[in-house]
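Work through the exercises below with the sequence and the 3D structure open. Try each task before reading its solution.

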Amino acid sequence: MSVSAFISYLRLEKNYSEHTIKAYERDIAAFTDFCKESHGAHNIVEVSYPLIRNWIVALSDQGISNRTINRKISSLQAYYKFLLKIGDIKVSPLLKHRALKTRKKVEVPFSESEMETILSEIPFNDDFEGVRDKLIIELLYATGMRRAELVNLKIEDVDLTGQVLKVLGKRNKERILPLLPSTIEQIRNYMNRRSELENGLDLPYLFLTKEGLKIYETLVYRTINRYFSLVSPKVKKSPHILRHTFATHLLNRGADLNSVKELLGHSSLASTQVYTHNSIAELKKVHQKAHPRNKK
């Protein structure tokens with residue numbers, strides 16, 4: 001009962017996305033199975049830390065990365081924190097747990113020249129899919145929105161007169177994003193092509209497939225990967241890297257951290273600060289070039 005109550009808590013009180021909730025469910029179910037199969041324990045409410053540590057060792061022996069293990073343990077921590085909240089336990093078995101060490105994840109953004117090449121020089125097909133794909137790239141880069149936010153964007157969320165659009169972010173938080181003139185022009189072009197589709201015109205979503213269905217996250221990923229493979233040697237080419245690129249380029253050109261935080265929809269500055277390492281590198285160049293004490 002406690003696990004189902006926890007899932008309801010995540011859905012109704014925390015407003016977590018279904019994707020996130022399913023991840024929590026999978027992690028807790030995996031730990032429950034481990035307890036039953038390895039130690040005959042059927043009630044994970046009553047487990048002690050040594051059993052959790054055994055699971056960590058078992059996961060590591062399977063070749064699972066420390067980063068993934070930390071995420072799984074984070075799910076358990078949230079679960080036991082909930083049990084504390086409702087009074088089912090008095091002490092969390094993870095009270096003294098310390099996360100496993102992980103390598104710092106470095107995500108290299110696209111350069112301004114790569115973005116300029118994609119949006120100004122790469123020839124997109126002059127058909128519905130070509131126009132749509134270019135707008136997908138333009139919107140992700142011009143607004144910094146998440147892939148899921150783009151997929152769920154509705155026509156009514158786009159205000160071309162006011163030059164803004166509304167997105168529904170994590171935990172159902174709405175935010176308003178400004179639109180650039182070039183983006184507005186591409187939206188108008190896309191809407192003309194969209195109106196020529198035979199199917200799907202009654203759907204509220206902005207982005208559709210050529211069959212008239214709502215686009216999906218894998219389609220967005222493939223689109224970004226396909227086009228950026230033409231101009232960038234970077235290993236990782238994804239919608240999230242475009243979001244990273246948006247933030248980095250704004251910060252490089254003088255935007256303050258709080259403004260970028262609001263545009264990205266982050267709940268805290270700590271989440272936004274991961275994008276600042278490139279900006280610091282740029283500042284170092286400016287500092288070394290301009291400071292009178294630099295004799296080089």
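The exercises go from the whole chain to single residues, the sheet, the cores and a pocket.

**Before you start**

This is a predicted model, in which local features need pLDDT of at least 70 and side-chain atom pairs count only at pLDDT 80 or more, while totals for chains, interfaces and linings use all residues. Residues are numbered from 1 along each chain as its sequence is written, and side-chain values use heavy atoms, with hydrogens and water left out.

**Exercise 1. The whole chain**

Task: State how many helices and strands the chain has, and what percentage of its residues is buried.

Solution. Step 1: take helices (H or I, at least four residues) and strands (E, at least two) as DSSP runs, numbered from the N terminus. The chain then has 13 helices and 3 strands.
Step 2: apply the accessibility classes, where buried means under 20% relative accessible area, exposed over 50%, and partly exposed in between (1.4 Å probe, protein chains only). Of the 296 residues in the chain, 42% are buried.
Step 3: add the outline. Along the principal axes, the C-alpha atoms fill a box of roughly 65 × 60 × 35 Å.

**Exercise 2. Two residues of one helix**

Task: Place Ser75 and Asn70 in a helix, decide whether each is buried or exposed, and list their contacts.

Solution. Step 1: Ser75 is found in helix α4 (residues 66–86), and Asn70 lies in α4 too.
Step 2: Ser75 has 4% relative accessibility, so it counts as buried. Asn70 has a relative accessible area of 18% and is therefore buried.
Step 3: contact means heavy atoms within 4.5 Å. Not counting residues up to four places away in sequence, Ser75 touches Phe6, Ala23, Tyr24 and Asp27. With neighbours within four places left aside, Asn70 is in contact with Ala99, Leu100 and Thr102.

**Exercise 3. Positive phi angles**

Task: Say where Asn15 and Gln163 are placed, given that each has a positive phi without being a glycine.

Solution. Step 1: Asn15, with a phi of about 55°, is in the loop between α1 (2–12) and α2.
Step 2: Gln163, with a phi of about 60°, is in the loop between β1 and β2.
Step 3: check accessibility. Asn15 is at 31%, so it counts as partly exposed. Gln163 is partly exposed because its relative accessible area is 42%.

**Exercise 4. The sheet**

Task: Give the strand order of the open sheet and explain why one side of β1 and of β3 has no neighbour in it.

Solution. Step 1: two strands pair if DSSP finds at least two bridges between them. The open sheet has 3 strands in the order β1-β2-β3, with antiparallel pairing.
Step 2: β1 (158–159) and β3 (174–178) are at the edges with a single partner strand each, so one side of each has no neighbour in the sheet.
Step 3: count bridges. β1 and β2 pair over 2 bridges, and Val158 stands opposite Leu165 in β2. β2 and β3 pair over 5 bridges, and Val167 has Arg175 in β3 as its bridge partner.
Step 4: look at the turn. β2 and β3 form a hairpin with 5 residues between them, and Arg171 in the turn has a positive phi of about 60°.

**Exercise 5. The nonpolar cores**

Task: Name the members of the largest nonpolar core that touch the most other members, and find the element that gives the most to this core.

Solution. Step 1: a nonpolar core is a set of buried Ala, Val, Leu, Ile, Met, Phe, Trp, Tyr and Cys residues joined through side-chain atoms within 4.5 Å.
Step 2: the largest one has 37 residues, and those touching the most other members are Ile136, Ile137, Leu139, Leu150, Leu165 and Phe207.
Step 3: α6 gives the most to this core, with 7 residues.
Step 4: apart from this core lies another of 30 residues, among them Phe34, Val47, Leu51 and Ile69.

**Exercise 6. A pocket**

Task: Describe the lining of the second largest pocket by element and by class.

Solution. Step 1: on a 1 Å grid over the protein atoms alone, a 1.4 Å probe is tried at each point; a pocket is an open set of points with protein on both sides within 12 Å along at least five of seven lines, and lining residues have an atom within 4 Å of a point.
Step 2: 18 residues line the second largest pocket, and Leu119, Glu138, Tyr141, Ala142 and Leu180 lie nearest its centre.
Step 3: α5 (112–120), α6 (128–143) and α10 (239–252) are the elements that give two or more residues to this lining. The largest share, 5 residues, comes from α5.
Step 4: sort by class, with Ala, Val, Leu, Ile, Met, Phe, Trp, Tyr, Cys and Pro as nonpolar, Asp, Glu, Lys and Arg as charged, and the others, Gly among them, as polar. The lining has 10 nonpolar, 4 polar and 4 charged residues.
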